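Here is a quick tour of one chain, going from its overall build down to a few backbone details. Have the sequence and the 3D view open as you read.

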Amino acid sequence: MVSEKYVGAIDQGTTSSRFFIFNYHGEIVASHQLEHRQIYPRPGWVEHDPMEIRDRVNDVIKIGLQKSAINRDQLAGIGITNQRETTVLWNPKTGRPYYNAIVWQDTRTEALCKKLAVDGNMDCFREKVGLPLATYFSGPKIKWLIENVEGVRQAVEDGDVLFGNMDTWLIWWLTGGPAGGVHVTDVTNASRTMLMNLETLDWDPDMLAAMGISRQMLPEIRSSSEIYGYTASSGVFGDEIPVAGDLGDQQAALFGQTCFTPGEAKNTYGTGCFMLLNTGEKSVQSKFGLVTTVGYKIGTQPAVYALEGSIAIAGSLVQWFRDNLGLITESHDIEDLARTVKDNGGIYFVPAFSGLFAPHWRSDARGLITGLTHYIHKGHIARAVLEASAFQTREILEAMEKDSGIPMTTLKVDGGMVGNELLMQFQADILDIPVVRPQNRETSVLGAAYAAGLAVGFWKDQSELKKHWAIDKTWEGKMPAQNRQTLYDGWMKAVCRSYS
């Protein structure tokens, strides 16, 4: 009897490591999750311990396999999805990082980005890399590490430094680490560094020169779906399981939501909020504050591009409301608290804790609550916290429609916050289009599993994946047009007030 096969996928997020096992139908067989520390050495600085993350990943794999009661040799392949832009430099001989990982939310490179801007133009590299100069992306973080961490510049000159985002770091360890680990990334993660040319899909020599970064420290750029290497016998999986899928988390969600047709879009409500629109095989340069990114590349097929709108603070605002204000015990309690009021009472919460990302790109913006009166109580603040994600999503959607010329007819949604039905209804109201939640909400890690499964022949092609996507619930907009516009105008005024 032939044992049934499965695909495993690692989801290395901003706050936790997770491991999932999927069957042929894209259903979850088993999973496990462990959180890791958030390190805040100074205001605006956000770090992770890369070794802690490596260990957490090993632990979730072990426990996930135990829960599933399947043998390791039943895994056809392993995919990985990851928090993008988070930057690690390490010694290839020892595997030890030279410094903590600098997380995507970190703003320490603000002055450095301004210095790199040619004639003060933060869009000076956009045509090559699709991105504005911003603290968000990996390239300036690498430059900061080289210039500020003792011994790193010399180690780069000696050829003793490897760079990676979280995908590269974990693939290197899975495939052997210092004993022959594979140093690779995929086009989606590479497109978030400010170092990859969008057309050639290779490291751009002019960008490397501008940032002062050596090519030899960079991983090889590969497609999102191919066999990069095999797990090492010394590792948690044991010998010879193909590591075969790699996508940045938001591109993985686009793929997991089967947005394979130009014009299809998804929005992920996680730590931040990220909307991607499939623009097909041509990159579209944004004129309205979005970034151009690679959506995915499957094997030898042409790359598929996307427009992306990134919101820094979404689910993490709920966590802040829980932990810093102590007004709720669990994150999901916010929905019940917000339902104690019929509207926001005239207040808006602009969560510019790390500046504002798309479409504003204002690192000088700071968080605020406007419209406070004696009437306001904690229910109104809870509602304003939720509404912030919906208002920011509308800003992104409008920018996408202007850039692409494609009017959006539906928004597919996923991520931790989509279980909040009050938020989903308000999102449909403020957009005035249907908001659709799929049955499988774990779309990022599913997208990584799909990429790995396609590479090893577990699934035949993308049309086969489409059959597994199914709707759980749809919300239709019910708000009168005048109310919708009044609320949105109030939000835009609040945003302007957040600029310092």
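The chain carries 16 helices and 23 strands, where helices (H or I, at least four residues) and strands (E, at least two) are DSSP runs numbered from the N terminus. Keep in mind that this is a predicted model, in which local features need pLDDT of at least 70, side-chain atom pairs count only at pLDDT 80 or more, and totals for chains, interfaces and linings use all residues. Residues are numbered from 1 along each chain as its sequence is written, and side-chain values use heavy atoms, with hydrogens and water left out.

On overall build, the chain's radius of gyration is 22 Å, which agrees with the value near 23 Å for a compact globule of 500 residues; the radius is taken over C-alpha atoms, and the globule rule is 2.2 Å times the number of residues to the power 0.38. Along the principal axes, the C-alpha atoms fill a box of roughly 65 × 60 × 45 Å. Of the 500 residues, 62% are buried (buried is under 20% relative accessible area, exposed over 50%, partly exposed in between; 1.4 Å probe, protein chains only). Looking at contacts (heavy atoms within 4.5 Å) between residues at least 6 apart in sequence, 71% join residues at least 24 apart.

Now for helix H14. Residues 443-455 make up this 13-residue helix, and its first and last C-alpha atoms are 18 Å apart, close to the 18 Å expected at 1.5 Å a residue (that is, 1.5 Å times one less than the number of residues). How many of H14's 13 residues are buried? The count is 12, so H14 is mostly covered. Among the buried ones are Val445, Leu446, Tyr450 and Leu454. Just past the end of H14, Gly457 has a positive phi of about 80 degrees.

Positive phi also turns up in two residues that aren't glycine: Asp119, at about 55 degrees, and Asp432, near 60 degrees. Here is where they sit and how covered they are:

| Residue | Loop | Relative accessible area |
|---|---|---|
| Asp119 | between helix H2 (110-116) and helix H3 (126-129) | 80%, exposed |
| Asp432 | between helix H13 (421-431) and strand S22 (435-438) | 43%, partly exposed |

One more backbone detail is worth a look. Ala358 and Pro359 are joined by a cis peptide bond, with omega about -5 degrees. Pro359 belongs to the loop between strand S19 (348-350) and strand S20 (368-370).
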